[in-house]
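Colleague: Could you walk me through one part of this model, slowly and with the cut-offs spelled out? I'd like a picture I can follow on screen.

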Amino acid sequence: MYKTLLGPEGFRKGMDLYFQRHDGQAVTCEDFFAAMRDANDTDFANFLLWYSQAGTPSLKVSSSYDAEAKTYTLKFSQEVPPTPGQPTKDPMFIPVAMGLLDSSRKDMPLTSIYHDGASQFIASRTEPVYNTVLRITKKEEEFIFSDVSERPVPSLLRGYSAPVRLESDLTDSDLFFLLAHDSDEFNRWEAGQILARKLMLDLVANFQHGKELTLNQKFIEGLRSTLLDSSLDKEFIAKAITLPGEGEIMDLMKVADPDAVHAVRKFIRQRLAAELKEELFSTVQANRSSEPYVFDHASMARRALKNVAIGYLASLEEPEIDALVLNEYKTATNMTDQFAALACLSQKAGPTRDEALADFYSKWQHDYLVVTKWFALQAASDIPGNVENVRKLLSHPAFDIRNPNKVYSLIGGFCASPVNFHAKDGSGYKFLGEIVVQLDKINPQVASRMVSAFSRWKRYDETRQNLAKAQLEMILSANGLSENVFEIASKSLAA
């Protein structure tokens, strides 16, 4: 945010002053703030609230266009939710980097903004200005752009200029437009994620009401155009066509439903894979390489895109694709590609999965970090009833419950699979409860980290709440319980 507000040169001036004043000293956030402010002789108003005020600000924005006056207005309102010990909050200093796009898919030149009773000219004499940073410091603010020849589509929070929750009046058409044409890659990605979140939540509601699931064709075409856009960085494409995770969608629900979210995400991945099968195959072939491993951006981006494409294809139940994934595993020239293929194989129960996992272990059993990843991969698998596979892995010769990293990879990995950890029969909760009690006698600090997986038990339906609550009560009733686990478990139960 400092760099967004001050620009690269201003930020560097602040850093130089900071080191000049404080080299070799123990310093505070306020010292860093003062160096940035003094080096640039600027007013940061209430910026220090970012350090002292808890909670993520919610920033709402609405827009209007006056065709006659050729002005475009953005109205912002912000709110910081109450948190323990801070029931009332002051407005934050929020930098909003932004631009406007016209109907020809181009950034519009910005000339002047009327704000707080005064006009500010932002146009340059030498070249057009397409980006600016709006400073939101009050609960409600209004900015009026002049010389706007047509109603634009706003691109807000470019480069993720502030860590806020943005609520805008952008329509789905606006979001599809930004996904396809925004010059800011973060906002292209974010537009796709917003659309995906909306789509997934709508389909979750349909699933819960027993309705047939169908996938919006515009969403499919949006991802197709992104996948085929050769002007885009391959790593960006890999991220842009990746759906939001199940945990992210559950966080947006009043009552989290792991089964519905898992079913919907699986459905979308399979439909996209079926609709884009030809393009995904082409992507795999175009980005496959038998050359020696190279660690540079181009190679990393190529591998990332290829492996995301393989992940989509692997969601289809087709022998041809199963053979493709197995071949990718066997012919990989580096661990990144081999592990990505193994991750796909690990999601389908059967002898092929078991053989590949055993083969990988036999190759890497002497590498501690790789074996840790191997445990985590199996633990996080979404195959039905995976808790029993994880129980068996507790007896694996490479697993040691006294080793914190092995515990985090296997037990923590299992908790990262919402559909299995939150299984409706309570098997995931029961497994974790037993492990926490056992682990508490060996390493209370690690046990307290594991029990924190129960901390959000009230976010789920009544059946899951009762099952999770029973495990927390069982843990608290254990003889000789450590203070570490007692604190987390009791706070979770009282939350």
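Which strands does helix α4 (residues 172-181) lie across, and at about what angle does the helix run to one of them?

Modeller: Helix α4 lies across β3 and β8, and runs at about 65° to β8. Before going on, keep in mind that this is a predicted model, where local features need pLDDT of at least 70 and side-chain atom pairs count only at pLDDT 80 or more, while totals for chains, interfaces and linings use all residues. Residues are numbered from 1 along each chain as its sequence is written, and side-chain values use heavy atoms, with hydrogens and water left out.

Some vocabulary, then. Helices (H or I, at least four residues) and strands (E, at least two) are DSSP runs numbered from the N terminus. Contact means heavy atoms within 4.5 Å. For angles, axes are lines fitted to C-alpha atoms (for helices, over the stretch in contact), and the values run from 0 to 180 degrees between N-to-C directions.

Now the sheet under the question. β3 and β8 belong to an open sheet of 3 strands, in the order β6-β3-β8, with antiparallel pairing; two strands count as paired if DSSP finds at least two bridges between them. β6 (132-136) and β8 (153-156) are the edge strands, each pairing on one side only. From one strand to the next, the twist averages 35°. Strand β3 covers residues 94-101, and 4 bridges tie it to β8 in the antiparallel sense. If you want a spot to zoom in on, L101 has V153 in β8 as its bridge partner.

There's a second open sheet, with 6 strands in the order β5-β4-β7-β2-β1-β9 and mixed pairing. Its edges are β5 (118-121) and β9 (165-168); each has a single partner strand, so one side of each is left without a neighbour in the sheet. Neighbouring strands here are turned by 25° against each other on average, direction ignored.

Working through that sheet, β4 (residues 112-115) and β7 (residues 140-145) pair antiparallel over 2 bridges, with I113 partnering F145 in β7. β7 is also joined to β2 by 6 bridges, again antiparallel, and F76 has E141 in β7 as its bridge partner. Next, β1 (residues 58-66) and β2 (residues 71-79) run antiparallel and share 9 bridges. At the turn end, D66 stands opposite T71 in β2. That hairpin has 4 residues between its strands, and K70 takes a positive phi near 55°.

How does the record describe this stretch? UniProt, in an unreviewed entry, lists residues 55-168 as "domain: Peptidase M1 alanyl aminopeptidase Ig-like fold"; its positions are given in the numbering used here, feature names are shortened, and annotations may be inferred rather than shown by experiment. The span is 0% helix and 46% strand, and its end C-alpha atoms lie 20 Å apart.

Zooming out, the protein chain has 22 helices and 9 strands. For 495 residues, a compact globule would have a radius of gyration near 23 Å, and the chain's 26 Å agrees; that radius is taken over C-alpha atoms, and the globule rule is 2.2 Å times the number of residues to the power 0.38. The C-alpha trace spans about 70 × 55 × 55 Å along its principal axes. Among contacts between residues at least 6 apart in sequence, 67% join residues at least 24 apart.
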